[in-house]
Amino acid sequence: MAGSKEIRTKIKSVENTRKITKAMEMVAASKMRKAQDRMRASRPYADKIRNVAAHLSFAQSEYRHPFLIKRDVVKNVGLIVVSSDKGLCGGLNTNVLRLSLNQMKTWEAEGKGISVSAIGNKGYGFMNRIGAQVKSHITGLGDTPHLEKLIGSIKVMLDAYIAGEIDQLYICYTKFINTMKQEPTMQQLLPLSGEQLGSPTGHWDYIYEPEAKPVVDELMTRYIESLIYNAVAENMASEQSARMVAMKSASDNAKSVIGELKLVYNKARQAAITKEISEIVGGAAAVSS
Amino acid sequence: MANTVHIDVVSAEESIFSGEAEFVVAPAGGGEVGIYPNHAPMITTIKPGALRIKQSSEQEETLIFISGGMLEVQPGMITVLADTAIRGQDLDEAKAIAAKEAAEEALKNRSADIDYAAAQAELAEAVAQIQAIQKLRKTIH
C-alpha cells in the first residue's frame with residue numbers, strides 16, 4: 001500500500017486545519033454582530049453632533065473655527081489610515097492600503113508633503129516599511145474601540161492642522177456596506193466642507209456659555225473625533241465580517257481538498273487489493289498446473 | 001399634560017438616556033444651569049458631574065453621572081453630548097505627547113523617502129496571491 005499512509009496523514013492534517021478555520025469563522029460571526037451593534041450605537045451621537053456643528057458653521061459670525069476655513073494653497077496633507085490589528089481577513093487591509101498608497105503617490109506627484117497617522121497594526125507596519133512619515137499611531141485596540149485610546153493620536157493630527165503643518169486631513173478606512181461587501185473609502189475630514197454638514201434649519205444663533213470660542217473649539221474637536229471613532233467602529237465591523245467570509249471559504253476549500261484526498265486514498269487502497277488478489281490467483285494457478 | 005421638553009443624552013459609544021422631562025439641571029462650565037421647557041437656544045460645555053432630570057412631579061429625579069461634554073438647548077429639545085473619556089486640556093495634551101513620542105521613536109533609524117516601487121510591489125504581490133487563489137478555486141470546481 002504505497003503512499004496510502006502519507007495520504008492518510010495529509011487528510012488528518014487538512015481536517016485539523018479545517019477545524020481551526022471553522023472555529024475562527026464562528027468566533028468572527030459572533031464578534032461581527034457585536035461590532036455592528038457598536039457601530040449603530042455610535043450613530044445617534046454622530047447625528048446629533050453633526051446637526052449642532054452644521055448649525056454653528058452657518059450661524060456663527062463673530063468667530064470662525066480654523067477647521068471651517070478652507071486654505072488656498074495646500075502644501076502638506078495629513079492622512080489617517082484605519083486598518084485592522086490582525087490578519088486573516090481576506091483583502092481588507094490590502095485594499096485600504098492600496099487606496100492610501102495610490103492617493104499618496106498622487107499627492108507626492110503634486111509636490112505635497114504627507115504625514116500619516118496609523119490606527120491598527122497592519123497599516124502601521126506597512127507605513128513604516130514603505131518609509132512614510134508616521135506622526136502618530138495606535139495599535140492593539142482590541143475588539144471594542146474606545147475613544148479614550150484614540151484621542152492622543154487624533155490630537156497630534158488636529159494640532160498639526162491648527163499649527164499649519166498640514167493643510168488638509170483625510171481618513172482612509174473600510175466602509176461597512178453589508179456582511180458580504182466592504183469598501184475602502186477615502187474621506188476628507190479637514191477643512192470641513194459645507195455639504196458634509198448639511199444646511200441649517202433656521203436663522204437663529206445660540207447663547208454661548210461662557211463664550212463662543214471655547215465652546216466652538218470643543219465642539220469641533222469632538223465632531224472630528226466622532227467621525228474618526230465612527231470610521232474605526234465601521235472598520236472593525238468590516239474586519240470581522242471579512243474574516244468570517246475568508247474563514248468560511250477556507251473551511252469550504254479544506255472540505256473539497258479532503259474530498260479529493262479521500263478519493264485518491266480509496267483508489268490507492270483499491271489498487272493494492274486488486275494487485276494482491278491477482279498475485280494470489282497467479283500463485284494458485286502456478287501451483288495447480 | 002404637563003409642559004415637558006425632550007432630552008437626549010448620548011455618548012460616542014452609546015445612547016444613555018432619551019425621554020421627556022419637566023426640568024433639567026446640568027453642571028455647565030460656568031456653574032450649574034437649570035433648564036425648563038422652552039428655554040432659549042443655548043450651547044455650553046459641561047463639567048464632570050451629575051445631570052439631574054425631573055421627568056414628572058410624581059417621579060423621583062433621574063441622576064446621570066457624566067464625565068463632561070457639551071450641552072445644546074433648543075426650545076423643544078435638549079441634547080447632552082457626553083464624553084466617554086475623562087477629558088481635560090492637560091490630559092489630552094499628555095496623550096498627544098505620548099503618541100507623538102512613540103511615533104518619533106519609531107521613526108528613528110529609518111530612511112526618509114517613501115519607496116513607492118517596493119510598496120507597490122508588496123501590495124501587488126498580495127493582490128496577485130488572492131487572485132491566484134480565486135482562479136485556482138474556479139478551476140477546481
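Three short exercises with worked solutions follow.

This is a predicted model, where local features need pLDDT of at least 70, side-chain atom pairs count only at pLDDT 80 or more, and totals for chains, interfaces and linings use all residues. Residues are numbered from 1 along each chain as its sequence is written, chains are lettered from A, and side-chain values use heavy atoms, without hydrogens and water.

**Exercise 1.** Classify the aromatic pair formed by A:W107 and A:Y170.

*Solution.* Start with the rule. Rings of Phe, Tyr and Trp (its six-membered ring) pair if their centres lie within 6.5 Å; planes under 30 degrees apart are stacked, over 60 edge-to-face, the rest tilted. The count over all chains is 3 aromatic pairs. Here the centres are 5.0 Å apart and the planes 45 degrees, so the pair is tilted. Next, place the residues. A:W107 is in helix α3 (residues 92-109) and A:Y170 in strand β4 (residues 168-178), 63 residues apart. Helices (H or I, at least four residues) and strands (E, at least two) are DSSP runs.

**Exercise 2.** Are A:W107 and A:Y170 buried or exposed?

*Solution.* Buried means under 20% relative accessible area, exposed over 50%, partly exposed in between (1.4 Å probe, protein chains only). A:W107 has 3%, so A:W107 is buried. A:Y170 has 15%, so A:Y170 is buried too.

**Exercise 3.** Describe the surroundings of A:A28 in helix α1 (residues 4-41).

*Solution.* Check accessibility: at 1%, A:A28 is buried. Then list contacts (heavy atoms within 4.5 Å). Leaving out residues up to four places away in sequence, A:A28 touches A:Q240, A:R243 and A:M244. Last, compare sequence and space. A:A28 and A:A242 are 214 residues apart in sequence, yet 8.7 Å apart C-alpha to C-alpha.
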